[in-house]
Amino acid sequence: MRAARLIKMVLLLQSRPSMTAAELARELEVSERTVTRDAQALSEAGVPVYADRGRVGGYRLVGGYRTRLTGLHRSEAEALFLSGVPGALREMGLEDAASAARLKVSAALLPSLRDASRTAAQRFHLDAPNWFKEPETPVLLPAVADAVWDDRRITARYRRGADEVVRELEPYGLVLKAGVWYLCARVAGGGSFRVYRIDRFTAVETGEERFEREPEFDLPAFWEERAEQFARSLLRARVLVRLSPQGVRGLPHALDSLSAREALADADGPDGDGWVTVALPVESEEVAHTQLTALGPEVEVLAPESLRERFAGDALRLAGLYHPRNGV
């Protein structure tokens, strides 16, 4: 346990000019006293850790010290080569850089671990786009990606409905969701953070000015929050249904799974027939009709009456189609 912590401490100091005891303690999840003892142990082992005293002091490595990646286990090396998404890197124009980085990492590994990239690729592959949908890479994606990497402001022209809007943005991060690229950006000048579909950009101009990132910005957390808000904003209507036990099991597969599970959790217990009455949030009556049709006879719509009438009409048409033919 301590050996792994000491290795992590060296790698942290390798990646930054210096770190205070408080910063190291936070990263390593130990006390500052433990950081002091670990630094002393590293120094005694020949690792040149130097402590600067004073208000702006901290720990740093001296003499250009670098450690080779000889402490990796096989599982760690294989996981390292899974961290990139080949298709996404190619679309952002970073395939050559990623290939060079993988070669350098491979060269630094022990000989027994140099096949890690091959063994990982043989076992795992990420295919991001949806089924039955031909992915299209936005033409302006590489330009946006360059601005994200360099922290440079961009002036973007994008489609909003029938209009085109121009915004000066601070591009914080890119997200690939179901084959669609999104930009998470802040409106320049201290504005709010927003999400933009890159395939709706019609022009992007990268400026010379760099912006200063908010140190607390967390891209995964921001995306998760906005994605949930977006999904819930679509659910503007409600329907009341009865579900058989099989319908209860199938509901999360027919509708938004999170909303379906929350609605089932709020429902009362089964009635005398074992069916459960559930109030469901849905996007619209038309969408609910399409989604609930997948459950067939395992769902009965109770309200609104207009949706119930749709299903009654469907049932009559189906009965007509499958009614035994005379003489057959």
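**Two sheets and the helices that pack on them**

Student: Let's begin with strand β8. How many bridges join β8 to β9?

Tutor: Good place to start, and keep in mind that this is a predicted model. Strand β8 covers residues 237–243 and runs antiparallel to β9. One of the pairs is R238 with its bridge partner P281 in β9. The number of bridges joining β8 to β9 is seven.

Student: Which strands stand at the edges of that sheet, and why is one side of each left without a neighbour?

Tutor: The sheet is open, with three antiparallel strands in the order β9-β8-β10. An edge strand here has a single partner strand, so one side of it is left without a neighbour in the sheet. The strands at the edges are β9 and β10 (299–303).

Student: What angle does the direction of α11 make with that of β9?

Tutor: Helix α11 packs on this sheet and touches β8 and β9. Another helix, α13 (residues 305–322), lies across β8 and β10. For α11 and β9, the angle between directions is about 145°.

Student: Which residues of α11 are buried, and what arc do they cover around the axis?

Tutor: In α11 (residues 257–266), the buried residues are S259, A260 and A263. Residues three or four places apart in an α-helix point the same way, because there are 3.6 residues a turn. On the other side of α11, R261 and A265 are exposed, and the cover over the buried residues includes α10 (245–254) and β9 (276–282). S259, A260 and A263 lie on the same side of α11, because the arc they cover is only 100°.

Student: Now for the five-stranded sheet. In what order do its strands come?

Tutor: This sheet is open and its pairing is antiparallel. Its edges are β6 (193–197) and β7 (201–210), each with a single partner strand, so one side of each has no neighbour in the sheet. On average, neighbouring strands are turned by 45° against each other, direction ignored. The order is β6-β5-β4-β3-β7.

Student: What is the bridge partner of E170 in β5?

Tutor: Look at β4 (residues 163–177) and β5 (residues 180–187), which pair in the antiparallel sense over eight bridges. In β5, the partner of E170 is R186.

Student: Which strands does helix α9 touch?

Tutor: Two helices are worth tracing on this sheet. Helix α8 (residues 141–150) packs on it, touching β3 (152–160), β4, β5 and β7. Helix α9 (residues 219–234) also packs on the sheet, at about 75° to the direction of β6. The strands α9 touches are β4, β5 and β6.

Methods:
Residues are numbered from 1 along each chain as its sequence is written. This is a predicted model: local features need pLDDT of at least 70, side-chain atom pairs count only at pLDDT 80 or more; totals for chains, interfaces and linings use all residues. Side-chain values use heavy atoms; hydrogens and water are left out. Two strands pair if DSSP finds at least two bridges between them. Helices (H or I, at least four residues) and strands (E, at least two) are DSSP runs, numbered from the N terminus. Axes are lines fitted to C-alpha atoms, for helices over the stretch in contact, and angles run from 0 to 180 degrees between N-to-C directions. Contact means heavy atoms within 4.5 Å. Buried means under 20% relative accessible area, exposed over 50%, partly exposed in between (1.4 Å probe, protein chains only). The arc is that of the directions from the helix axis to the C-beta atoms.
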